Amino acid sequence: YLKDFVIFGGLKSDMGDAFMDMRLDVKDGSNLAQYSGELSVEQFNLGDWTDNQDFGLVDFSAAIKNGKGLTLNSVYSDLYATVESLTFKGYEYRDFVMDAQVDKSKFNGEFSISDENIDFVFDGSIEMKDSIPHLDFKANIEQIDFKKLNLVSNPLAIQGNIDINGYGKDINDVVGTMIASDIRVAANDT
């Protein structure tokens, strides 16, 4: 069996097109696997692949460095991804970038998007510990229009700055601090 190899090439399928230039070393097993390289997809049908029809097509490119582990309990990687487009609930999100470290159930890094209906920068971490989200991030929200994103049925938009450090299963169970400034909420029931 192959234990240390390079995957280079393209794949065309009914779900979309993919190109990979990745090195994968699994000689020490999936928990200690090492990997790095680049992956890009074009017109990939994320809805069919995930069996979740809220998703549509996605075009993205990603660079993975220092990848280790192929299971949720062992995964680590430095990830830089540019998403040219992603359709979710009928809305096509465009031009967002992620520069982060993924370590088991923790995301630590920056995410930014500049789209006409969603424009914000997230910098910080989100980690799941015993099924409880732990949040430590700052977000500069220029605009999020939830109705135009097809996330709510009535008009709702927000802008402002948020600094959160806390944890909890839901909004009624949160322990920590949240500082919000320059918040503007526009809502209408009609």
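Strands here are DSSP runs of E with at least two residues, helices are runs of H or I with at least four residues, and both are numbered from the N terminus. The model in your viewer is predicted, so local features need pLDDT of at least 70 and side-chain atom pairs count only at pLDDT 80 or more, while totals for chains, interfaces and linings use all residues. Residues are numbered from 1 along each chain as its sequence is written, and side-chain values use heavy atoms, with hydrogens and water left out.

**Whole chain**

Start with the protein chain in cartoon view. It has one helix and eleven strands. From the N terminus on, the order is β-β-β-α-β-β-β-β-β-β-β-β. Along its principal axes, the C-alpha trace spans about 60 × 35 × 25 Å.

Switch to a surface view. The accessible surface is about 12200 Å², and 52% of it belongs to carbon and sulfur atoms. Such areas come from the Shrake-Rupley method with a 1.4 Å probe, and for residues only the protein chains shown count as cover. Buried means under 20% relative accessible area, exposed means over 50%, and partly exposed lies in between (1.4 Å probe, protein chains only). Of the 190 residues, 29% count as buried.

Next, colour the charges. Lys and Arg count as positive and Asp and Glu as negative, while His and the chain ends are not counted. The place of a charge is NZ of Lys, CZ of Arg, CG of Asp or CD of Glu. The chain has 16 positive and 33 negative charges, and the mean positions of the two groups are 5 Å apart.

**Stop 1: Tyr76**

Select Tyr76, which sits in strand β5. A contact means heavy atoms within 4.5 Å. Apart from residues up to four places away in sequence, Tyr76 touches Tyr35, Asn66, Gly67, Lys68, Gln101, Val102 and Asp103.

Now show polar contacts. These are pairs of N or O atoms within 3.5 Å; within protein, one must be able to donate a hydrogen and the other to accept it, and residues adjacent in sequence count only if both atoms are side-chain atoms. The side chain of Tyr76 makes one with the side chain of Asp78 at 2.9 Å. Another, of 3.0 Å, joins the side chains of Tyr76 and Gln101. To get a sense of scale, draw a line from Tyr76 to Lys148: their C-alpha atoms are 35 Å apart, with their positions 72 residues apart in sequence.

**Stop 2: Leu70**

Go to Leu70, in the loop between β4 (55-68) and β5 (76-88). Leu70 has a relative accessible area of 45%, so it counts as partly exposed. Not counting residues up to four places away in sequence, Leu70 touches Leu24, Val26, Ser30, Ala33 and Tyr35. Gly29 is 41 residues from Leu70 in sequence, and the two C-alpha atoms are 8.9 Å apart.

**Stop 3: salt bridges**

Side chains of opposite charge can pair when their charged atoms come close. A salt bridge is a side-chain nitrogen of Lys or Arg within 4 Å of a carboxyl oxygen of Asp or Glu. The count comes to six by this rule.

- Select Lys12 and Asp17, which form a salt bridge of 3.4 Å, N to O. Lys12 is exposed at 69% relative accessibility, and Asp17 is partly exposed at 26%.
- Select Arg23 and Asp25, which form a salt bridge of 3.6 Å, N to O. Arg23 is partly exposed at 32%, whereas Asp25 is buried at 7%. Add Asp4 and Lys27 to the selection to see the network of salt bridges that links these four residues.
- Select Glu92 and Arg94, which form a salt bridge of 2.6 Å, N to O.

**Stop 4: two buried Asp residues**

Keep Arg94 on screen and add Asp115, in the loop between β7 (106-114) and β8 (118-129). Asp115 is buried but has no salt bridge; Arg94, its nearest side chain of opposite charge, is 6.2 Å away. A polar atom of the Asp115 side chain lies 3.2 Å from the backbone nitrogen of Arg94. The side chain of Asp115 also reaches the backbone nitrogen of Asn117, at 3.0 Å.

Finish at Asp145, in strand β9 (residues 132-145). Asp145 is also buried without a salt bridge, and Lys148, the nearest side chain of opposite charge, is 4.1 Å away. A polar atom of its side chain lies 3.3 Å from the backbone nitrogen of Lys147. Leaving aside neighbours within four places in sequence, Asp145 is in contact with Asn117, Leu156 and Ala157.
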